[in-house]
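Here are my notes after going through this one. They are in numbered points, so pick whichever you want to discuss.

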Amino acid sequence: MEMVINFQTPTTISSSFLVNSNPNSKRSSSSSSSSLLCKKQIFGHSLSTSLDNKTTNLNFNRNCSRFLNFSPIKCSAAPTAEEVATEKKNSLVTRTDIRNIAIVAHVDHGKTTLVDAMLRQAKVFRDNQTVQIRIMDSNDLERERGITILSKNTSITYKGSKINIIDTPGHSDFGGEVERVLNMVEGVLLVVDSVEGPMPQTRFVLKKALEFGHEVVVVVNKIDRPSARPEFVVNSTFELFIELNATDEQCDFQVIYASGIKGKAGLTPDGLGDDLGPLFESIMRCIPGPRINKDGALQLLVTNIEFEEHKGRIAIGRLHAGELHRGMEVKVCTSEDECRIAKVSELFVYENFGRVPVDSVKAGDICAVCGISDIMIGETIADKILGQPLPAIKVEEPTVKMAFSINTSPFVGREGKFVTSRNLRDRLYRELERNLAMKVEDGETADTFIVSGRGTLHITILIENMRREGYEFMVGPPKVINKRINDKLFEPFEIATVEVPEEYMGPVVELLGRRRGQMFDMQGLGSEGTSLVKYKIPTRGLLGLRNAILTASRGTAILNTIFDSYEPFAGEISTRELGSLVAAEGGTTTTYALTGSQNRGQLFVAPGVEVYKGQIVGIHQRSGDLSLNVCKRKAATNVRSNKDVSVVLDAAIDYSLDDCIEYIQEDELVEVTPASIRMLKNPKMPFKKSRN
């Protein structure tokens, strides 16, 4: 709250906050009545329930001095006299027939569902057309995991105006996608869950939007949840704006309450309309149109790349100045000194749910350009003679790295199509063409490559895509990227937010404490009997933490993380206490061998599975690794048993790719093929035997 106290510049409060007050009423001469009005009617709610503690009352009373001069308010997006003068000076004009917006939020707060409702109500689909849910999640991996991985464009028409909408990923590991698309828009819809409130990714995307100077419309989604607490959510969002040093105009944001799944929105929690009309009106009123240099030289910054088999590489971006025509010769610039001539073969704009070919595009619109085979993200398509490059796109540095190498297991080449180091190298460097937040470097050997990303999920998605494309390779354990500043070692720290039922709070807190985590906030979540704890923890401590938390909470906890900063090295951290069970020889597993082996720990393999020497077949119940024979057969003798002995085998643990990446340690590898995922001991490192 220290930020709130120090933020003293006078401003006015939006009418969207004072839902029950008359914006045209005169200010009372009594300062106490003004303070009471600020306390009771700010954000359109009674704050008595959320401002009980003394600290919050103190901060809000100090902050109320900002809202004493009430006057008729218009959205902060409306241009001021200074802005109009600046526009005339720079020959800029504002297009009123287009709005470019990005929908940003924390993962699972309902962005894609809200876009579905917006598309349906804008009559994008026929009345008799069957449309799947989360229509924007078109990637198979996105639909399987239930998350958005790639940003996507669409558009709708509302009252004669075109609204370009960009659906963005919600997971922090794909923050590079969000950073890129913010170059194409003038405003964002910040979707916040009505129970959880602002979460780690909410902070990240809001910080980036404010840095770009974009207008923000806050959408409190899932308002129909039984435990919804809109007062707390709006107050917390406002405090987050202050904490991120937002300007007075940005803090004067519009609030819309919505239920994306029902397709309803309103200006108050209890006054939802029959459709999303209030949301559309707020977009048109509060998000400004693009400011363009209509008569200037052509400039288009490429912010995304798509690929089609027949069209080749497709460059996507917003036209900042001039006019682009089909068949036009242009200059493609990386910098002022690095330019080349190219020709636009086809030109598309986004209408409804697809791309529509056009002959020309005017400045301010988002378009797709074909015909430039070597175009890259961050390059500028400019006028052939007078064009100048726009500033290149910058994204935050990676924090985690993993080693990729060719498959050297005895099963190499059985299931994969691309197995050589040349295949692996070409695919990894091709990924850099559209994934700016990722880096690839050559390793110590010719068949090893170091891939760096924003998190383990960021790299795991690449691994999953590669195995589906037919690649076969090995990956090592994730490692954090440390920095040395003034001869002192610094490591990345992250903010970890855990939503956990109160009955499992103890084991989760103990687990986070053992990994050098420091709690700085804890609060209850409405009437659902769950608590929200926030930790600052080294990125090293997060490796393998997700599975450990799920085990400690019986699968009920939800963990979210986001990068915070680099801080001094926190010391040694033990991420795994138990060793591995390792196959002593190759062959096919038998029930007889597994019956004796399961007493040593939990097994990853079932009977009848082919294994090789050095493959990890289970989790040892003690520290250190244990080598055992899981292919041993029962001796065939002529001595018969007097009675049949029933054998009961425990179910084998089925680890996914993400689980395997979290499980392995320094001396272990994951073998990835299109059909299988196996773990093995690194043959180049010594075997760590169990001490017991």
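**Notes on the model**

1. Starting just past helix 13: the helix is followed by G470, and the phi of G470 is positive, near 105°. Keep in mind throughout that this is a predicted model.

2. Helix 13 itself covers residues 456-468, and its length checks out. At 1.5 Å a residue, its 13 residues should span 18 Å, and the end C-alpha atoms are indeed 18 Å apart, so the two agree.

3. How much of helix 13 is buried? Mostly covered is the answer, with 10 of its 13 residues buried. The run from L457 reads L457, H458, I459, T460, I461, L462, I463 and E464, and M466 and R467 are buried as well. Note that the buried set includes E464 and R467.

4. Helix 12 (residues 421-431) packs against helix 13 at an angle of about 130°, and the axes are 12 Å apart. The pair is therefore oblique, and the crossing is right-handed. On the helix 12 side the contact uses L424, R427, L428 and E431, which meet L462, N465 and M466 of helix 13. By type, the residues of this contact come to four nonpolar, one polar and two charged. Two of the helix 13 residues here, L462 and M466, are also on the buried list.

5. Now the other helix pair. Helix 14 (residues 505-514) and helix 16 (residues 545-552) pack with their axes 9 Å apart, at an angle of about 155°. Angles over 145 degrees count as roughly antiparallel, and that is therefore how helix 14 and helix 16 run relative to each other. Helix 14 passes helix 16 in a right-handed crossing.

6. Which residues make the contact between helix 14 and helix 16? From helix 14 there are P507, L511 and L512; from helix 16, they meet L545, A548, I549 and A552. The residues of this contact divide into seven nonpolar, no polar and no charged. Set that beside the contact of helix 12 with helix 13, where two residues are charged and one is polar.

7. Two loop residues deserve a look for their backbone angles. N486 is not a glycine, but its phi is positive, near 55°. N486 lies in the loop between strand 25 (483-485) and strand 26 (488-501). Its relative accessibility is 70%, so N486 counts as exposed.

8. R554 is the other one: a residue other than glycine with a positive phi, near 55°. The loop that holds R554 runs between helix 16 and strand 29 (558-568). With 63% relative accessibility, R554 counts as exposed.

9. Is S259 buried or exposed? S259 sits in strand 7 (residues 254-259). Buried means under 20% relative accessible area, and S259 is at 1%, so S259 counts as buried. Setting aside neighbours within four places in sequence, the contacts of S259 are N221, K222, I223, D224 and K264.

10. Finally, the whole chain. The protein has 692 residues, of which 52% count as buried. Its secondary structure comes to 18 helices and 37 strands. Of the contacts with a separation of 6 or more, 72% are between residues 24 or more positions apart.

Key:
Residues numbered from 1 in each chain as written. Predicted model: local features only at pLDDT ≥ 70, side-chain atom pairs only at ≥ 80, totals over all residues. Heavy atoms only, no water. Helix = DSSP H or I, 4+ residues; strand = E, 2+ residues; numbered from the N terminus. Expected span 1.5 Å × (residues − 1). Buried < 20%, exposed > 50% of the residue type's maximum accessible area, 1.4 Å probe, protein only. Axes fitted to C-alpha atoms, helices over the stretch in contact; angles between N-to-C directions. Parallel < 35°, antiparallel > 145°, perpendicular 65-115°, else oblique. Left-handed = near helix turned anticlockwise from the far one by under 90°. Contact = heavy atoms within 4.5 Å. Nonpolar A, V, L, I, M, F, W, Y, C, P; charged D, E, K, R; others polar.
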